[in-house]
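Me: Could you take a close look at one part of this protein with me? I'd like to know which residues face each other there and what ties that part to the rest of the chain.

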Amino acid sequence: MKRLLFPLLIACSTPFSLVAEETAETRGNPIVTDLFTADPCPMVHGDTLYIYTGHDEQTEEGKGFVMNDWYCFSTQDMVTYEKHGPLLSWKDFSWSKGDAFASHVIEHEGKFFWFVSIRHKDVKVHEGFAIGVAVSDRPTGPFKDAIGKALITDETPNSVVLNIDPAVYIDDDGQAYLFWGSWNAGRWVKLKDSLLELDGEVQTLEADHFFEAPFVHKKGETYYLTYASHYPSTTEYSTSKSITGPWTYGGVIHDLLPKSETNHQGIVEFKGQTYFVYHNAQLPGGTVFRRSLCVDKLEYQEDGSIKKVVRTTTSVPKVE
Ligand code: FUB
């Protein structure tokens, strides 16, 4: 049963209601219909998939991103989702002055680390964006600024013009890596075990067609680096036998989106299925600056290459 999105959107005063979906076999894309949600990052903890998102607050006529906080949506069956939040805001970082852009959450040693892109209120050499970290004992918070200052700023040697879109990956040997970047410039750096300090120099990410939004996952012995390419953006990918590269270009896995110039993905395995989480602009009133969380399947060819994602209006089947 496909939901009627428009009536749900009008009923904004209603809390995140799942009444219309409770008997549905699929959730329907977009997943969230009572607010605009962007830049998803998936994380599995226990028997639950958590998807952390930004929050688009621009008016339908307005131009430019208006983003102040981040939410989380959790599910055990890919059909029924619980809304949490807003769980974190740029205001939770005393050194920030706004612009809650893309973020990434990762579990490490029993804690949950939320890496965020936000505008620095004092440091501005280029665009003035910085990467900070909040931490919590639980996936749904409360989260607090873990350092009291930025981890990456415009002043970090070899940082980029637009220091946004953090993604953290912890390798099998326990070494953590932070990837980030935009406007055709990607970077990576080792993190100390605390995840709160850099461990070495910032390296340049060499991946064909990289524009922004890096995300790393591993399947078998292969590391997959997915990212937005060009602008307006497709999602493309490269693979490597090492987290530090070299990266071999793999192709386009997600086509341009109608109405959304950005394309920001996360990939996660949950209950035996691999999912591609992204945003589109298909909610009524959706624009370049009013995007919405979607979930579809991600599938591989037998040789390990990623098949082009098939976008659906149903989202994915229910899992137990
Ligand atoms: O949502 C603001 C920015 O747009 C993100 O940081 C980028 O990845 C793009 O989606």
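Reply: Start with Ile267, which stands opposite Phe276 in strand 19. A word on the source: this is a predicted model, where local features need pLDDT of at least 70 and side-chain atom pairs count only at pLDDT 80 or more, while totals for chains, interfaces and linings use all residues. Residues are numbered from 1 along each chain as its sequence is written, and side-chain values use heavy atoms, leaving out hydrogens and water.

Strand 19 covers residues 273-280, and its antiparallel pairing with strand 18 runs over 5 bridges. (Strands are DSSP E runs of at least two residues, numbered from the N terminus; two of them pair if DSSP finds at least two bridges between them.) Together with strand 20 they form an open sheet of 3 strands, in the order 18-19-20, paired antiparallel. Strand 18 (266-270) and strand 20 (292-297) are the edges, each pairing on one side only. On average, neighbouring strands here are turned by 30° against each other, direction ignored, taking as axes lines fitted to C-alpha atoms.

Now for the tie to the rest of the chain. The side chains of Arg291 and Asp39 form a salt bridge, at 3.9 Å from N to O (the cut-off is a Lys or Arg side-chain nitrogen within 4 Å of an Asp or Glu carboxyl oxygen). Arg291 sits in the loop between strand 19 and strand 20, whereas Asp39 belongs to strand 1, so this pair ties together parts 252 residues apart in sequence. Asp39 and Arg291 are both buried, meaning under 20% relative accessible area; over 50% is exposed, and in between is partly exposed (1.4 Å probe, protein chains only).

The whole structure holds 8 salt bridges, and two others make a useful comparison. Lys218 meets Asp172 at 2.5 Å, N to O. That pair links distant parts too, 46 residues apart: Lys218 is in strand 14 (residues 212-219), and Asp172 is in the loop between strand 10 (167-170) and strand 11 (176-182). Lys218 is partly exposed, at 23% relative accessibility, and Asp172 is exposed, at 61%. Lys192 and Glu197 also form a salt bridge, at 3.5 Å from N to O. Lys192 is partly exposed at 35%, as is Glu197 at 43%.

Back at our loop, Arg291 has further company: salt bridges with shared partners join Asp39, Asp56 and Arg291 into one network.

Key: Helices (H or I, at least four residues) and strands (E, at least two) are DSSP runs, numbered from the N terminus. Axes are lines fitted to C-alpha atoms, for helices over the stretch in contact, and angles run from 0 to 180 degrees between N-to-C directions.
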